[in-house]
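The following report walks through a two-chain model, moving from helix geometry to the contact between the chains and then to individual residues. It is written to be read beside the coordinates.

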Amino acid sequence: MDDFIVRALLGGMAVALVAGPLGSFVVWRRMAYFGDTLAHSALLGVALGFLIGLNVNLTVVILCVTLALVLMLLQRQRRLATDTLLGILAHSSLSLGLVAVAFLEGVRIDLMAYLFGDILAVSHEDLIWIFLGGVLALGMLAALWRPLLAITVHEDLARVEGVRVTLVSMGFMLLMALVIAVAMKVVGILLITSLMIIPAAAARRLSSTPERMALFAALIGCLAVAGGLWGSLTWDTPAGPSIVVAAALLFAVIFSLPGAALLRRLRTPS
Amino acid sequence: MFPLSRLIRSRDDAVPARGALVAARQVGLVAGGRRILDGVDMAVEAGRIVTLIGPNGAGKTTLLKVLLGLLSPTGGQVLRRPGLRIGYMPQRIQVDEILPITVRRFLGLGGRFPRDRLARVLAEVGCAHLLEQPVQSVSGGEMQRILLARALLREPHLLVLDEPAQGVDVAGQGEVFQLIARLRDRYGCGVLMVSHELHLVMAAADSVICLNQHVCCTGKPDVVSRDPAYLKLFGKTMPAGMALYTHHHDHRHDLHGDVVAFEGEGPPGRGCPGSEAHRHHG
């Protein structure tokens, strides 16, 4: 097999392994649109990275976290609902990113690669960044797991029980920013959220515990990456969107499986 | 997603009076231009059951949240005994179908506990058979017991229960209140609970606080379950263990809701200072 395909597979699966468990939380906490908004701001992070000459991945993380903080501040006013705020922030930050990219002189940015991913061009350096970022994200998620689950189920109850809600929520935002930066190369800014929520949603039917759902989400994500890459090579389709299509197909198949017997078998606690 | 105000922790440097687990001192809360709590003074002591009653919108749940530290009062002070461990049972809890979670895992979210404690608590509240069920599949009454179990697993000094008998039929309500009284006896913890009904309060409550933005009155509930008038009114539909709380207001409200002191009842300053739009039901 060609080298670039191996790199694409390794990079894609590493991203899927992190996006699955994190995506489960995105789904449980109803934050899909929030994830989208953070992802859309990533392009501005890319432009800033080129502008000040910092590592692009770093500026993406910084910008996503900044946006999350801005959103928190804006939520303190009650006049505009959260989905309106998210709509404003998502599209204005994406547009601002596109405008900023146009202003960059002397730098040719492959806009399509950032918007829709360029997994077949994943380099050794990209792989190292993906692995380090992925391991860091999984480690953080493992450390935050129980308190994060507790505030997801009931925030007030968790707070009375001593969970430091603000700290945990901020950790979660940081995690999302990290995963967006890591996954950007694979599926692109516009499609990152799908790699988080589609495998997680598909895994729900197969799971009786939160941990199992996270695990299945990671596995389904890996399958989607493999299937999407295969489809992309076979029919010469764009790789990022092909991965998302593969994930959607897996979701459709799992949801149309004849349910009862399968569910009973999988749901019986071990 | 959370409001930034929670980044700033309220300082609880004062300590409540001897014996009190938690106390409110002239606590007021204004939210969105509306006064929800006004000059509330109250305390819960170890081993005592205090019940908050009052009409809809009286601020009962808000007062609980202020005492729990979930909301910051805009006036006054909340005093908590240092190191106080609270077991909290929120009003209702709805776990989304998308989150697969069994009762066992739900109980484990409150912390790690020794295995024998889990078995004991489950036996006490009577929900051991639900342990492996998905949380979404249990009934409202079962969920109340599960929430109570999660609060008890912490071996709390203070139990705070927001409408513990909600979603439970009338016969079951009596059981819930008896269970709470038994738990108080066993653990020696203080209990603070909200009851939605104005006039129906459990006989075991040591004191009742009637709240309507401010504290209208406090006192012991009278046991009238054997009173002929009570039986005539309610027949046998009321389970044993429940009693009418006889209201001894030191003031009444006129048609506009203004406070009018009863004649010959001493100075009128004791209740309802400056209450606007304040009415008693029943």
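In this predicted model, residues 213-231 of chain A are 100% helix and 0% strand, and the C-alpha atoms at the two ends of the span lie 26 Å apart. The span is one of those that UniProt, in an unreviewed entry, lists as "transmembrane region" for chain A, where the record also includes residues 7-28, 127-145 and 165-183. Residues 127-145 of chain A are likewise 100% helix and 0% strand, with end C-alpha atoms that are 26 Å apart.

**Two bent helices of chain A**

Two helices of chain A can be set side by side by their length, their span and the bend that each contains.

| Helix | Residues | End-to-end C-alpha span | Expected at 1.5 Å a residue | Bend |
|---|---|---|---|---|
| H1(A) | 26 residues | 38 Å | 38 Å | about 30° at Gly20(A) |
| H6(A) | 30 residues | 40 Å | 44 Å | about 60° at Trp145(A) |

For H1(A), the distance from the first C-alpha to the last is close to the expected value, and the bend at Gly20(A) is followed within four residues by a proline, Pro21(A). Because 19 of its 26 residues are buried, H1(A) is largely enclosed by the rest of the structure. Just after this helix, Arg30(A) takes a positive phi of about 55°. In H6(A), the end-to-end distance agrees with the expected span, while the kink at Trp145(A) lies shortly before the proline Pro147(A).

**The nonpolar core and the side facing chain B**

The largest nonpolar core has 160 residues, and the members that touch the most others are Leu22(A), Val179(A), Ile180(A), Ala183(A) and Leu195(A). H8(A) supplies the largest share of this core, namely 15 residues. What does Val179(A) touch, once its neighbours within four places in sequence are left aside? Val179(A) is in contact with Val18(A), Ala19(A), Leu22(A) and Ala137(A), and Leu22(A) is itself among the core residues that touch the most other members.

Between the chains, 27 residues of chain A are in contact with 27 residues of chain B. On the side of chain A that touches chain B, the elements giving two or more residues are H1 (3-28), H3 (56-74), H6 (124-153), H7 (155-160), H8 (165-187) and H10 (210-235). By class, the residues of this side divide into 13 nonpolar, 8 polar and 6 charged.

**Chain B**

Chain B contains 6 helices and 13 strands, and of its 282 residues, 38% count as buried. Among the contacts in chain B with a separation of 6 or more, 70% join residues 24 or more positions apart.

Met42(B) belongs to strand E2, residues 34-45 of chain B. Why does Met42(B) count as buried? There are 20 other C-beta atoms within 10 Å of Met42(B), and a residue is called buried because 20 or more such atoms lie within that distance. Leaving out residues up to four places away in sequence, Met42(B) touches Ala23(B), Ala24(B), Ile209(B) and Val215(B). By contrast with these contacts, the C-alpha atoms of Met42(B) and Gly140(B) are separated by 31 Å, the two residues being 98 residues apart along the chain.

Two glutamates in loops of chain B have positive phi values. Glu155(B), in the loop between helix H4 (140-152) and strand E6 (158-162), has a phi near 45°, and with 13 other C-beta atoms within 10 Å it is partly exposed. Glu163(B), in the loop between E6 and helix H5 (170-187), has a phi near 50°, but this residue is buried, with 21 other C-beta atoms within 10 Å.

Thr102(B) is found in the loop between strand E5 (86-89) and helix H2 (103-108) of chain B, and it counts as buried with 20 C-beta neighbours inside 10 Å. The C-alpha atom of Thr102(B) is separated by 17 Å from that of Val125(B), 23 residues apart along the chain.

**A residue of helix H11 in chain A**

Returning to chain A, is Phe255(A) buried or exposed? Phe255(A), in helix H11 (residues 239-256), is exposed, with 12 other C-beta atoms within 10 Å. The C-alpha atoms of Phe255(A) and Ala203(A) are separated by 9.5 Å, although these residues are 52 residues apart along the chain.

Methods:
Residues numbered from 1 in each chain as written. Chains lettered and ligands numbered in written order. Predicted model: local features only at pLDDT ≥ 70, side-chain atom pairs only at ≥ 80, totals over all residues. Contact = placed C-beta atoms within 7 Å. Nonpolar A, V, L, I, M, F, W, Y, C, P; charged D, E, K, R; others polar. UniProt positions renumbered as here; feature names shortened; annotations may be inferred. Expected span 1.5 Å × (residues − 1). Bend = angle between axes of the 7 residues up to and from the residue. Core = buried A, V, L, I, M, F, W, Y, C linked by C-beta atoms within 7 Å.
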